[in-house]
Amino acid sequence: MATRRTMYYTDGSVVRKREIVPERRPEVERRRDRRSSDYHITTYPKAAEKAEKSLGFNGGYMVVVTLMTLIMLVSCFIMLKIQNDVTTYERQILSLQNQLQTVQSDNLAFENSLNNMYSLEDIYNVATGELGMIYSQNGQVVYYESAQDDYVTQYKDIPGTGR
């Protein structure tokens, strides 16, 4: 059963008669059109062409979209490659830092063993006993100023040493 609705039209102060307009549902109309024998589709080529152009999916648009997609994929691939390289380099740095720490601790242990190997008394005994060295007396040490700080070249005997 079709529902009916009433409509009122107001034109200034005059009220017109009401009309009863049956409310139709779109599905019912489609069914009736399909059942009727004079059902046919009318196409308008210019309108169809205009509607197709309005979608925006023409050849140039597809080329641009494809190109942008390829650029995005290549840039993502490059970013992932660089990120992988950074991770690899970080692992190498950590490995080298561990090796450096090991070498430094070994070096410190060897240095301590060398320092503890001979005492100053042992060195004095070897220098005076085996090598015949003696301590310098007062006046035997001569201090002088050098023009260059990096090294000193002696061309002749130092005066007052008695050699």
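**A walk through the predicted chain**

In this predicted model, the side chains of Lys81 and Asp85 come together in a salt bridge, with 3.3 Å from N to O. Side chains of opposite charge can pair when their charged atoms come close. The two partners, Lys81 and Asp85, both belong to helix α3 and stand 4 residues apart, which is about one turn of the helix. Lys81 has a relative accessible area of 44% and is therefore partly exposed, and Asp85, at 27% relative accessibility, also counts as partly exposed. The structure holds 1 salt bridge, and the pair just described is a salt bridge between Lys81 and Asp85.

From this pair we can step back to the chain as a whole. Its secondary structure comes to 4 helices and 4 strands, and a reader who follows the sequence from its beginning meets them in the pattern β-β-β-β-α-α-α-α. Of the 163 residues in the chain, buried residues make up 1%, where a residue is called buried if its relative accessible area is under 20%. The chain exposes about 16,800 Å², and carbon and sulfur atoms supply 57% of that area.

Returning to the surface, we can look at a group of nonpolar side chains. Which residues make the nonpolar surface patch of about 470 Å²? The patch is made by Val74, Phe77, Ile78, Ile82 and Val86. One of these residues, Ile82, lies in helix α3, which covers residues 59-117, and helix α3 also holds Lys81 and Asp85. Ile82 has a relative accessible area of 47%, so this residue is partly exposed, because that value falls between the limits of 20% for buried and 50% for exposed.

The last stop concerns aromatic rings, for the structure holds 1 aromatic pair. This pair is formed by Tyr124 and Tyr135, whose rings are stacked, with 5.6 Å from centre to centre and 25° between the planes. The pair links distant parts of the chain, since Tyr124 sits in helix α4 (residues 120-130) and Tyr135 sits in the segment after α4, 11 residues apart. How exposed is each partner, judged by relative accessible area? Tyr124 is partly exposed, with a relative accessible area of 38%, whereas Tyr135 reaches 60% relative accessibility and therefore counts as exposed, the cut-off for that word being over 50%.

Conventions: Residues numbered from 1 in each chain as written. Predicted model: local features only at pLDDT ≥ 70, side-chain atom pairs only at ≥ 80, totals over all residues. Heavy atoms only, no water. Patch = residues over 30% accessible without salt bridge, like charges linked within 9 Å, V, L, I, M, F, W, Y side chains within 5 Å. Areas by Shrake-Rupley, 256 points an atom, 1.4 Å probe, with all protein chains shown as cover. Salt bridge = Lys/Arg side-chain N within 4 Å of Asp/Glu carboxyl O. Helix = DSSP H or I, 4+ residues; strand = E, 2+ residues; numbered from the N terminus. Buried < 20%, exposed > 50% of the residue type's maximum accessible area, 1.4 Å probe, protein only. Phe/Tyr/Trp six-rings, centres within 6.5 Å; stacked < 30°, edge-to-face > 60°.
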